[in-house]
Each structure stands twice: as structure tokens, then as C-alpha cells.
Amino acid sequence: MNNKMADVLVVGAGMAGLMAALAAAQQGCRVKLLAAGMGALAISGGTVDLLGYVDGASVDAPWQALPRLPAKHPYRLLGENNVRTALTFLRKTLAEHGWPMTTAVAQGQECNTYVPTIMGTLRPTWLLPPGMDAQALQNARRVLVLSVEGLRDCRPSLIISQLKRYKDWNQRQYDHALLPSPFGATHRSISALDLARLADRPQTRTWLLDGLEKYAGAYDLLLIPPLCGSRADADFLQTVQRKVGCPLVEMCSIPPGVGGLRLRDALLRALKKLDFSALENATAVRAEVADDCCAALEVSAAGQKRQHKARAFILATGGILGGGLTLEPGKARESVFGMDIPVPQDVALWSEGEIFGKHLFGQLGVSVDSHMRPVDDSGKARWQNVFFAGRSLGGYDYAAEKSGLGVAAATGWQAGRMAALLTAENGGPE
Ligand SMILES: Cc1cc2nc3c(=O)[nH]c(=O)nc-3n(C[C@H](O)[C@H](O)[C@H](O)COP(=O)(O)OP(=O)(O)OC[C@H]3O[C@@H](n4cnc5c(N)ncnc54)[C@H](O)[C@@H]3O)c2cc1C
């Protein structure tokens, strides 16, 4: 496979790239994915946000709020049915590979859940990982907040004081405790990922099960950092739940993103069953285009530059953080095809004084049509076989809206599907 030309070449290994690869490979395409790094999944909390806010106002029922988004928002370009189908595809794929996610239901309607973070804040999200019990989060009266000796950035007393600021969480009864460190006395600060990796292996996970045993039966809800493994292993989470005899919810943590790594693990497992290959530490530096098609990408890997040809190309290269967008004073550019992104010359207009305000840089990105092909100023597709997905797209601000992995999954799915359709129209997969 490596020596043969791919049907679809995907650039980027975040949620958008992995979903695009899955959608195309499931249609029978030979898919090659190359990426410079792991993408934001490696730092994300691992719940899938669909839509948490519109114009600063919180959203409880995201599907009903979709029509309030601007016409060029990626969800509006795709249409509600496609977004629903894409997220169903994501859920089914994850469930088949060890990671069934759920959505809360209130009064017969699917809704957002406000999940606690290890900073003691609550954030709205849509797809919940195994073990994240929305009912328990809403109704629990006796709550134990646990951390681990030496674990950095997770202080139960701070979490409790912050949670009490929320009306629904104010009247609850709280305790807090520390589990002993499995590393013993050490000067090194421990991350949640260090602990989660211990829980990946049966021979090193007993410290967690033993440590939790003494709290069994005493609480309605246990809140802990994400320690129960870095892989998509819902069975182990169930074992932990049984041990404590009450819902145990892992709080969303700050990076490293144990939750995001579990999603990545399940998606890669799914891809390994398909006609798929990956090249890591590889950076696409330039595109070779002729007329309205792309012929190849020039890729730098291991100190060498090589051309990678394909019949269709999907760019899921992320935003400013991922490397898909390059900024310099007064200019913004897409990194591989070199498309200019219109911005005001005056960089003071790119951001706002208010930290959670409407920052222009948060919405910068490539303009696409409903097939995810980049368009010129007149709305015409620039190239027939080039598709963009995820945070490289403009027209939305994932941080302000809380829509990050939802947009990445939905637009990645669409880009993969459209690339596969093009391949089929041109005579089917090679
Ligand atoms: C700290 C943090 C926590 C978050 N938590 C959540 C959460 O819990 N839930 C949620 O829904 N959203 C969350 N988000 C938002 C969400 O993670 C992102 O919106 C989403 O992951 C973007 O995915 P993407 O695939 O578009 O881009 P990215 O994940 O950024 O991936 C870009 C990929 O492209 C590669 N790349 C870039 N340029 C090139 C190139 N030239 N050649 C080769 N490869 C290239 C990168 O190496 C990377 O693999 C979080 C974001 C952050 C920053």
C-alpha cells in the first residue's frame, strides 16, 4: 500500500483527519494519512462538544439552536441532517471499538450536560464518555472529590469551593480526600496521564482499585481526575464503578488530554481494520496544482522532501495551534496551499479586551462550500479534488461556542465522504 498512490490523502491526525480517513476508507478508498503531530485530541478533555453557546447565551438543546448560527457556520453549510448522521457515525464507530459515548436526555429531548472540570468549573458538552453519569451529576447529594498525592493541578478543596458557586451544586454535602501516590515519595510532579497509563495494565492498576475500596458505598458520586486508563477501555471503567458502588465521574482535565487520547485510540483501532496507512512526523509544505485540480503535495519527513500523489486531498490541518493557519502582522494564510485569509491590516482588531469575547482570530479560517471544497471570493470551488475540515475552517469559534470536536467530526466526515464520491465518479477506488 505504501508504494501505491492513495485514492485519498489526508493531512492531519486530529479528530477531523481521523474522521475524514474513516469516512473515505469505509467507502472502499485506499487512504493514506500523514501528520506533523497528534493534534488537539492529545490535549482535549474527551467529551464531544456539539454547541454550548450561541452569541454568549448558553444552549441546553443544541439541535434547536443550530438555525441561530450564521449562514456560513460549518454546521449550517452541512445542514442538520448531515451533522446528525456524522455524529451517529462517530458514536457507532467508537462504540464498536470499546468506547460507547452517550448523550443526556431531559424531558424526552437530547440535551447538553454540564460536566465538572478539575478547575471546579462546569462546561456544557454533548457526547459523554463511559462512566460520565448525567443523572448522578445532576442529582447526587453526597459528593466525594478525590485526587492523588503529588498529582499536579488538581486540588479537591479548590474544586469544591468553585463548584459551590453554581446554584445546583451549592447545597450538596462534600468531602475530599487524596489517594496515596503509586509512585511513592517523589519530587517529580505527577500528571493525570502518568496515572492513567498505570491503569492501562492489569499488573499496575491495583493501586487504584485498592485505594478506592475504602470509599465504597459512602457517597452518591465520586469525582476524580481522569486516571482510569489512557486507552478506550470501558470495561475497566465499569470495574472501577463496581468497586465504589456509586457513579464515579472523571472530571475533564487540563492537558495532557487523557480523555482525548481514548477517543484517538478507538478511532485508530477502527482505521486499522480498513485500507489505511499513516505516516507520522511528516509535514506537507506545498501543493502542486494545475487548473482546478491538485496533483500532489510536497511533504517533508526525516529530512527529505517527497511528492505524495493522490486522487483527492483532505486538509485537516487545524488552526493557529495545529499549524493549518499561519499568522504574521496584518496577514493570515492557510499553510499548505498558501490561500490568503482576509483580515484587517490593524491587528488590534483581531482580538477583544474581554477574554471570552468575540475574537476575530478565533474565527479565522478557510471558506468552503457544502462539499468542504475551498471557495474563492465569488463562492466557486478553487479545486475539484481538495477538501478542508475541522479547525482549519473559518466561520466559527469553537472556544466561544464549545463546538470543537463536534465541528471537527462532522466536517471531517463530510470531507471524507465527498472525497470518496469523487473517487467513485472518476472510475472507483484504484
Ligand atoms: C486544551 C483544549 C481542550 C479541548 N477540549 C475539548 C473537549 O473536551 N471537547 C471538544 O469538543 N473540544 C475540545 N477542544 C477543541 C478541539 O480539541 C478542537 O477544536 C479539535 O480537536 C480540532 O480538531 P482538528 O482535527 O480540526 O485539528 P487539530 O486537532 O489541531 O489537528 C491538526 C492536525 O494537522 C496536523 N498538521 C497541521 N499542519 C500540518 C502540515 N502542514 N503537515 C502535516 N500535518 C499538519 C497537526 O500535526 C495535527 O495532526 C479543546 C481544545 C483545546 C485547545
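## Ligand site and cavities

In this predicted model, a backbone N or O atom of Gly46 lies 3.3 Å from an oxygen atom of the ligand. Two further backbone contacts involve Ala284, with a polar backbone atom 2.8 Å from a nitrogen atom of the ligand, and Leu405, with a polar backbone atom 2.9 Å from an oxygen atom of the ligand. On its own the ligand would expose 1,000 Å², and 89% of that is buried by the protein.

The ligand is surrounded by 37 residues, and Gly37, Ala40, Thr47, Ala284 and Arg391 are the closest of them. By class, this shell consists of 19 nonpolar, 15 polar and 3 charged residues. At least two shell residues come from each of α1 (15-26), β14 (282-290) and α13 (404-425).

Apart from the ligand site, there is the matter of enclosed space. The structure contains 2 cavities of 30 Å³ or more. The table gives the volume of each cavity and the classes of the residues that line it.

| Cavity | Volume | Lining residues by class |
|---|---|---|
| Largest | about 140 Å³ | 9 nonpolar, 6 polar, 2 charged |
| Second largest | about 90 Å³ | 9 nonpolar, 2 polar, 2 charged |

The lining of the largest cavity is made up of 17 residues, and those nearest its centre are Gly45, Pro129, Met132, Glu250 and Arg262. Both β12 (248-250) and α11 (258-272) supply at least two residues of that lining. The second largest cavity, with about 90 Å³ of space, is lined by 13 residues, of which Ile118, Arg152, Ala192, Ile254 and Pro255 are the closest to its centre.

Notes: Residues numbered from 1 in each chain as written. Predicted model: local features only at pLDDT ≥ 70, side-chain atom pairs only at ≥ 80, totals over all residues. Heavy atoms only, no water. Near = heavy atom within 4 Å. Polar contact = N/O pair within 3.5 Å; in protein donor to acceptor, adjacent residues only side chain to side chain. Areas by Shrake-Rupley, 256 points an atom, 1.4 Å probe, with all protein chains shown as cover. Helix = DSSP H or I, 4+ residues; strand = E, 2+ residues; numbered from the N terminus. Nonpolar A, V, L, I, M, F, W, Y, C, P; charged D, E, K, R; others polar. 1 Å grid on protein atoms, 1.4 Å probe; cavity = no way out; pocket = protein on both sides within 12 Å on 5 of 7 lines; lining within 4 Å. Points joined across faces, edges and corners; volume = space filled by probe spheres on them.
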